[in-house]
Amino acid sequence: MTNAPSQDKPVRVDSWLWAIRVYKTRSAATTACRAGHVRVNGEKAKAAQTVKPGDELRVRISGFDRILFVRKTLVKRVGAPVAALAYDDRTPAREPQAIMGMRDRGAGRPTKRERRDIDKLRGREDY
């Protein structure tokens, strides 16, 4: 009999997110669960909630949701190629966003030249 964990055994959600390299540390995964950034099958998940193959996870990272389907459960952190086999990433592609010119906070009032450049960026060059 081996000590290797079964692939179908339920695992804590924070441990699984850490094992598949969504979060750098397990404590970061636990904090995300406490903050309500992790949902399992549509319900907010506590860190100790278990996941099993077939579950859907929505993880909010940097303001965007990642949609992950559990293929197999992992307890220990593994290499990136092995971790990629443990889940199915069904996150829709992000729309490209235009980069807006931002001024540093406290930079003061823009000069006349900077104002013209800002207006050009915003598409208001007829003023």
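This passage describes the nonpolar core, one helix and the strand pairing of a predicted model.

The largest nonpolar core comprises 24 residues, and within this set V13, W16, L17, I20, V38 and L57 touch the most other members. Helix 1 (13–19), helix 2 (26–34), strand 2 (38–40), strand 5 (56–61) and strand 6 (64–70) each contribute at least two residues to this core, with the largest share, 4 residues, coming from helix 1. When neighbours within four places in sequence are set aside, V13 is found in contact with C33, V38, V40, A45, K46, A47, Q49, V51 and L57.

One of the residues in contact with V13, namely C33, also belongs to the buried residues of helix 2, which are A29, T30, A32 and C33. Viewed down the axis of helix 2, these buried residues fall within an arc of 160°, and they therefore line one face of the helix. The buried residues of helix 2 pack against helix 1 and strand 2, while the helix itself is followed by G36, a residue with a positive phi near 85°.

As for the strands, strand 5 and strand 6 pair in the antiparallel sense over 6 bridges, and E56 stands opposite F69 in strand 6. These two strands form a hairpin with 2 residues between them, and in the turn S62 has a positive phi of about 55°. Strand 6 also pairs in the antiparallel sense with strand 7 (residues 87–89), here over 3 bridges, and F69 stands opposite D88 in strand 7. F69 of strand 6 thus faces E56 as well as D88 of strand 7.

Technical notes
Residues are numbered from 1 along each chain as its sequence is written. This is a predicted model: local features need pLDDT of at least 70, side-chain atom pairs count only at pLDDT 80 or more; totals for chains, interfaces and linings use all residues. Side-chain values use heavy atoms; hydrogens and water are left out. A nonpolar core is a set of buried Ala, Val, Leu, Ile, Met, Phe, Trp, Tyr and Cys residues joined through side-chain atoms within 4.5 Å. Buried means under 20% relative accessible area, exposed over 50%, partly exposed in between (1.4 Å probe, protein chains only). Contact means heavy atoms within 4.5 Å. Two strands pair if DSSP finds at least two bridges between them. The arc is that of the directions from the helix axis to the C-beta atoms.
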